[in-house]
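Me: I would like a close look at one part of this structure, namely its nonpolar interior. Please set it against the chain as a whole and against the surface.

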Amino acid sequence: MPRIIFGVNPVLEALRAHPDQVERILVAEGAKPHAIGEIHSRAGKARVRVETVPRNRLDAAAEGGVHQGVVAEVAEFKYVDLEDLLEGTSDEPPLIVLLDGIQDPHNLGALIRSAHAFGADGVVIPQDRASGVTAVAAKASAGAVEHCKVARVVNLSRAVEQLKEANIWTAAAVVDGDKLPWELDLAGPSAIVIGAEGTGVRPLVAKTCDFRVRIPMAGSLGSLNASAAGATLLYEAMRQRTKTGR
C-alpha cells in the first residue's frame with residue numbers, strides 16, 4: 001500500500017532519491033509554477049503521473065498538514081535491519097543515532113534531518129511506543145527520510161549491546177551525565193542515544209551505554225528538547241571528524 005508524503009521538499013527529495021518508487025503526484029489547482037517547477041521536470045523524466053486537483057483534496061490527503069500544494073503517493077517506507085545498517089556504513093568510522101521512545105513525529109523528522117545533515121550513517125528507533133516514519137515525520141525532515149537509513153528494532157538496549165559488540169562506543173544524552181560532548185571521542189566509531197521529551201533516555205538503556213553525556217547549559221533552563229540535543233551532539237561529532245580529517 002502506498003504511503004503519502006506532502007510538501008515541496010519531501011516530494012522533491014523522493015524524486016531525487018528514488019523516482020521509481022513515486023507512484024503519483026497530486027498538485028493543487030492554482031499552485032505557483034516556480035514552486036513546483038523542478039517537481040514537474042523530474043516527474044516528467046521519471047514518467048511519474050502528475051494530476052492537478054482541487055486544493056481540498058490535498059488537505060484531506062495531508063490530514064491537515066502543510067502540504068504547500070503538492071502531495072505524492074510513494075512506495076511504503078522500507079526500514080532496514082540493524083545488521084544491514086552496520087554493514088552499509090561508509091569507509092569512515094560509523095556514526096549511529098538511537099532514539100529512545102520519540103513519540104512526536106515532528107521531533108523524529110527533525111532528528112532524522114540532523115542525522116543526515118551531520119553525516120550519520122543511520123537512525124535506530126524502537127518498534128513500540130515510538131513514532132514511525134509517517135508523512136508528518138517526512139515533512140519535518142524536509143525529505144531527509146528519503147536519504148537516511150532507519151532501522152526499527154524490538155529492543156533498544158539489545159541494539160546498544162550489538163553496537164558495542166561491533167566495537168562502536170555508545171553515549172546516552174542525559175541531564176546528569178559525567179561527560180561533556182568534547183570529552184568524548186566522537187571521531188571514532190560512535191553511537192549517540194537521545195531520549196524522549198520529558199522522560200529522556202530510559203535508565204536501563206542509559207546503563208547499557210558506555211558513556212553518559214550532558215550538554216552544558218548557560219541559561220536557566222535545565223535541558224534542550226530532543227531534536228535540539230541531537231543536533232548539538234551530531235554537530236560536535238562532525239566537528240571532531242572534520243578536525244581530525246576522518
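Reply: What follows goes from the whole chain to the interior and then to the surface.

The model is predicted. The chain holds 9 helices and 10 strands. Its radius of gyration is 19 Å, close to the 18 Å that the globule rule gives for 246 residues, so the chain is as compact as a globular protein of that length. The C-alpha trace spans about 55 × 40 × 35 Å along its principal axes. Of the 246 residues, 48% count as buried. If we take the contacts between residues at least 6 apart in sequence, 82% of them join residues at least 24 apart.

Now the interior. In soluble globular proteins, nonpolar side chains tend to be buried together. Here the largest nonpolar core has 48 residues. Val11, Val22, Ile25, Ile39, Leu99, Ile112 and Val123 are those with the most contacts inside this core. Ile112 can serve as an example: with neighbours within four places in sequence left aside, Ile112 is in contact with Val123, Val133, Ala144, Val145, Cys148 and Val150. There is also a second, separate core of 20 residues, and Val153, Val160, Val174 and Val201 are among them.

The surface has nonpolar parts too. The chain exposes about 12,100 Å², and carbon and sulfur atoms supply 49% of that area. Met217, Leu221 and Leu224 make a nonpolar surface patch of about 270 Å². Of these, Leu221 lies in the loop between strand 10 (211-213) and helix 9 (226-244). Leu221 counts as exposed because its relative accessible area is 62%, and the cut-off for exposed is over 50%.

Terms used
Residues numbered from 1 in each chain as written. Predicted model: local features only at pLDDT ≥ 70, side-chain atom pairs only at ≥ 80, totals over all residues. Heavy atoms only, no water. Patch = residues over 30% accessible without salt bridge, like charges linked within 9 Å, V, L, I, M, F, W, Y side chains within 5 Å. Areas by Shrake-Rupley, 256 points an atom, 1.4 Å probe, with all protein chains shown as cover. Salt bridge = Lys/Arg side-chain N within 4 Å of Asp/Glu carboxyl O. Helix = DSSP H or I, 4+ residues; strand = E, 2+ residues; numbered from the N terminus. Buried < 20%, exposed > 50% of the residue type's maximum accessible area, 1.4 Å probe, protein only. Core = buried A, V, L, I, M, F, W, Y, C linked by side-chain atoms within 4.5 Å. Contact = heavy atoms within 4.5 Å. Rg over C-alpha atoms; globule rule 2.2 N^0.38 Å.
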